[in-house]
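Colleague: I am new to this structure and would like a close look at one part of it. Please walk me through how its helices pack against each other, and add whatever helps me find my way around.

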Amino acid sequence: MTFSRALWFIVKLGLLVSAAVWLANRPGNLSLVWFGYRVDIPPLGLAMLGVIIGIIALWFVGHIVARIMAVPGEIGAMRGHAREAKGYQMLTRGLAAAAAGDAREAKRLAQSARKLLSHDGIEPPITRLLAAQAAQLEGDDAAAQAHFKALSETPETAILGLRGLAMGALKAGDEEEARRLAERALAANPNAQWAADTALRLQVKVGRFEAAENSLKALVRAGALGAKDGQKRRAALLTEKARQAIIADGSDVSPDSAMIAAREAVKLAGDFAPARFVLVRLLTRAGKRKEAMRLIEQIWDSHPHEILGEAYLLAGDNERPLERTQRLERLQRQNSDHPETHRVLAEADLAADLWGEARRHLERLAELERESLGAPTRATCRAFARLEERERRDPAAARPWLDAAAMAPADAAWICGQCGHPGEAGPESGQWQLTCPRCQAIDSLVWRVPERAQSVHGSTLLLARTPVESDEKAGMAAGYGANRGSPTIEILPPQPSPQSGPQSGPLPGRPPASPGPEVTEPDRQPTASVDAARLIN
């Protein structure tokens, strides 16, 4: 008992005792005349006691009558509780059946639960969810969508209904409706991760980049992305917005807004190569070539990248080959022995017909690739082939290197980290794109060497790259960037291991020995690996 309750009890007891003492000190008589009868009650206290006892008796009788009257209602309530308990049991079993994929049992239990749990024609929304799941399992999309629509109209279950409707719209291929529903769900619940993720993907697809940024913020709020990852994802989103202004089939993003977006992306993630590449391309188009070159030079010592080397070459499109070679010496001074430095310098030397310098850089590039990959990559083998063919004026001199390229390690590419599919963007954006073309994952492309596939029925499955422009059209950039276009799949026949080649480590500056006996040029037939290598090249 608390102090306040004890104090109140003492007060009431004191009042009762005081009343009793007051009555005892003032004795008197009480007379009652009723219907000609007179009743005298000498002690007044006794009369008051009778009144109190009468009141208590009346209360007791009324309580008993009320309890008797409440019995039918309580019996009905007990029956209702039992019905409700059975209904929820059916609902639980139905959800378990739906999870197990038993469509018939889920539908039967959903109907039973709806009958047991409905009151005055109103059923709990959770039974509609089970009915919708059962309809989905049976393939009745129309019924499922009707249930989800009913759920979406109830505030407590709106998010469930909107999700079901959005998934149904995606299944039907109506991405515009799915985007609208995801945005509506995100407005109803700003922490709905699925809504933010779905809205972001569909908004990017139709070029609604401002709305996509809001969806990205919702993902960060929901905890799906950390602050650092959210900043990186925003840089990728801004890069995609800027990329739309430079690709051939881009959206109506203006060059000014693209430039602003690209600059912001570089500010958010300075080591993100696609952002810097896109900004360099935009600056080059705007005639700001010196600023474009400085952007590459700023990070070449710490984050050299193949697409940045390509952008550096393209920034000096109107230069003469020797002028370009002299300019590229800046990169060599910054990072003199990185593979990408030797790659870009070799391409510049090839364009300038500086065969000795080109060979020196290619030999060092091949040596570095042997240390990291075990053999020169296909791009390096193709560069050696171009060197041999152009220096010696003899296509046959390039054949051993083309033969070796067929079995060389694959070139690095943008590969989806979730499904392993290569990106399909063009060279205008450095082959990078925000969404995976296969699984539609956002910001999932990673620059890495694709894995060599397993042999299929005696043939080797290789990732090959399709050329996108010729040396005559692209000049210096053709050998460096154009031959590194979107990956395609080629099936190559089984190949014997060459006796000497890039895998076994040829002597620096010397092409691998061509397998097979010497034959005259008219009788020489291209081998299968040469044909395949030409497909790659």
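Modeller: Happy to, and we will begin with the whole chain before turning to the helix pairs.

This is a predicted model, in which local features need pLDDT of at least 70 and side-chain atom pairs count only at pLDDT 80 or more, while totals for chains, interfaces and linings use all residues. Residues are numbered from 1 along each chain as its sequence is written, and side-chain values use heavy atoms, with hydrogens and water left out.

The chain has 537 residues, and 42% of them count as buried. Buried here means under 20% relative accessible area, exposed means over 50%, and partly exposed is in between (1.4 Å probe, protein chains only). In secondary structure, the chain comes to 22 helices and 7 strands. These are DSSP runs numbered from the N terminus: H or I with at least four residues for a helix, E with at least two for a strand. Of the contacts in the chain with a separation of 6 or more, 58% are between residues 24 or more positions apart; a contact means heavy atoms within 4.5 Å.

Now to the helix pairs. Two packed helices are described by the angle between their axes and the distance between the axes. The axes are lines fitted to C-alpha atoms, for helices over the stretch in contact, and the angles run from 0 to 180 degrees between N-to-C directions.

Let us start with helix α10 (residues 227–243) and helix α11 (residues 255–268), whose axes come within 8 Å and cross at roughly 155°. The two are therefore roughly antiparallel to each other. That term covers angles over 145 degrees, whereas under 35 counts as roughly parallel, 65 to 115 as roughly perpendicular and the rest as oblique. The crossing of α10 and α11 is left-handed, a name used if the near helix is turned anticlockwise from the far one by less than a right angle, with right-handed used if clockwise. On the α10 side, Q231, R234, A235, L238, T239, K241 and A242 meet A258, A261, A262, E264, A265 and L268 of α11. These residues divide into 8 nonpolar, 2 polar and 3 charged. In this scheme Ala, Val, Leu, Ile, Met, Phe, Trp, Tyr, Cys and Pro are nonpolar, Asp, Glu, Lys and Arg are charged, and the others, Gly among them, are polar.

Some of these names come back when we look at L282, which touches A242, A245, I246, A258, M259 and A262, not counting residues up to four places away in sequence. L282 and L328 have the most contacts inside the largest nonpolar core, which has 72 residues. Helix α12 (residues 273–285) gives the most to this core, with 8 residues. Such a core is a set of buried Ala, Val, Leu, Ile, Met, Phe, Trp, Tyr and Cys residues joined through side-chain atoms within 4.5 Å.

Next along the chain, helix α13 (residues 289–299) packs with α14 at an angle of about 155°, their axes 9 Å apart. That makes α13 roughly antiparallel to α14, and their crossing is left-handed. R289, M293, I296, E297 and I299 of α13 meet L308, A311, Y312 and L314 of α14. By class, this contact has 7 nonpolar, no polar and 2 charged residues.

Helix α14 (residues 306–314) also has a second partner, helix α16 (residues 339–351): their axes come within 9 Å and cross at roughly 30°. These two are therefore roughly parallel to each other, with a right-handed crossing. The contact is made by E306, G309 and L313 of α14 together with E340, R343, V344 and E347 of α16. Its residues divide into 2 nonpolar, 1 polar and 4 charged.

Just one stop remains, in the loops that follow. Most residues other than glycine have a negative phi, and most peptide bonds are trans. D353, in the loop between α16 and α17 (355–373), has a positive phi of about 60° although it is not a glycine. D353 is partly exposed, with a relative accessible area of 41%. R393, placed in the loop between α18 (378–392) and α19 (395–405), also has a positive phi, of about 55°, without being a glycine. R393 is exposed, at 69% relative accessible area.
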